[in-house]
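Here are some short exercises on how two chains pack together, each with a worked solution. Try each task on the structure before you read on.

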Amino acid sequence: MPPVLLDLLTWLFVIPGALLLIIGAVGMITLPDVFARMHGAGIIDTLGAELILIGLMFQSGLGIVTVKLALILAFVFFTSPTSTYALARACLNAGVTPKVDQEHSAAISRGGRS
Amino acid sequence: MSFAVATLAVLISMILVLTRALLGPTVFDRILAVNSFGTLTVLLIAVVGFLQGRPEFLDLALVYALINFIGTIAVTKFIKFNDMGHGQEAGRDSGDI
């Protein structure tokens, strides 16, 4: 493939990845609760990181560097949700309860449709 | 140029996530923020390696990704059981982190 096309593909993957990283980080600042902040961490850990690493793969050519990038991608993709799951289990075990909409959950527990 | 944009985004995200790690009301907020900070560090090592034309830095990123996962699991286990090994009192749901 011509280098211009590879540069274009890199831009096409790096820009959404960068935006998703910043969106996830802002979410970790502004969301109200540990369980809500895990959503922001999920955006950073899966889609943001994956898009940036895929964008780097287009610049590295075929070789050992691409294999290393693919390995990093696979590790991050599988280990980050696992550790977030473990953290959520530890939170619930330690007695941290999610902040929910009280009125809404009360309506659900009465069996009514909200 | 695209590497510079990616580096800038990673650095901004690292500052925001580190703010949450310093502010976090509970210890779980801090663990979550440090986990995300580790992922962002992996990305920063990879992108700066490409930015300087030295992709050999990817080895460091690979090792950091593994250590980040092990560290998060270990700290979570320590917070939950107050012990790194499996004590007698921790056997109520053993192996279930």
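**Exercise 1. Find which residues have the most contacts inside the largest nonpolar core of this predicted model.**

Step 1: Start with the extent of the core, which holds 50 residues.
Step 2: Pick out the residues with the most contacts inside the core: A:Ile52, A:Ile72, B:Val42, B:Leu43, B:Ala46 and B:Val47.
Step 3: Trace the core back to its elements. Two or more residues come from each of H1 (3-30), H2 (34-60) and H3 (64-93) of chain A, and likewise from H1, H2 and H3 of chain B.
Step 4: Take B:Leu43 as an example. Leaving aside neighbours within four places in sequence, B:Leu43 is in contact with A:Ala49, A:Ile52 and B:Val10.

**Exercise 2. Describe the side of chain B that touches chain A.**

Step 1: Count the residues on each side: 39 from chain B and 42 from chain A.
Step 2: Assign the chain B side to elements. Helices H1 (2-23), H2 (27-51) and H3 (58-81) of chain B each give two or more residues, and H2(B) gives the most, with 14 residues.
Step 3: Sort this side of chain B by class, which yields 27 nonpolar, 9 polar and 3 charged residues.

**Exercise 3. Work out how H2(B) is oriented against H3(A).**

Step 1: Read off the geometry: the axes are 10 Å apart and the packing angle is about 175°.
Step 2: An angle over 145 degrees counts as roughly antiparallel, so H3(A) is roughly antiparallel to H2(B).
Step 3: Look at who makes the contact. From H3(A) the residues include A:Ile72, A:Val76 and A:Leu87, and from H2(B) they include B:Phe28, B:Val42 and B:Ala46.
Step 4: Classify the contact of H3(A) with H2(B): 10 nonpolar, 4 polar and no charged residues.

**Exercise 4. Do the same for H2(B) and H3(B), then examine H3(B) itself.**

Step 1: The axes of H2(B) and H3(B) come within 9 Å and cross at roughly 175°, which means that H2(B) is roughly antiparallel to H3(B).
Step 2: Among the residues that meet are B:Asn35, B:Thr39 and B:Val42 in H2(B), and B:Tyr64, B:Asn68 and B:Thr72 in H3(B). This contact divides into 12 nonpolar, 8 polar and no charged residues.
Step 3: Check the length of H3(B). Its 24 residues reach 35 Å from first C-alpha to last, close to the 34 Å expected at 1.5 Å a residue.
Step 4: List buried residues of H3(B), including B:Leu58, B:Ala61, B:Phe69 and B:Val75. The buried residues of H3(B) pack against H3 of chain A together with H2 of chain B.
Step 5: Finish just after H3(B), where B:Asn82 takes a positive phi of about 55°.

Technical notes
Residues numbered from 1 in each chain as written. Chains lettered and ligands numbered in written order. Predicted model: local features only at pLDDT ≥ 70, side-chain atom pairs only at ≥ 80, totals over all residues. Contact = placed C-beta atoms within 7 Å. Helix = DSSP H or I, 4+ residues; strand = E, 2+ residues; numbered from the N terminus. Nonpolar A, V, L, I, M, F, W, Y, C, P; charged D, E, K, R; others polar. Core = buried A, V, L, I, M, F, W, Y, C linked by C-beta atoms within 7 Å. Buried ≥ 20, exposed ≤ 12 C-beta atoms within 10 Å, placed from the backbone. Axes fitted to C-alpha atoms, helices over the stretch in contact; angles between N-to-C directions. Parallel < 35°, antiparallel > 145°, perpendicular 65-115°, else oblique. Expected span 1.5 Å × (residues − 1).
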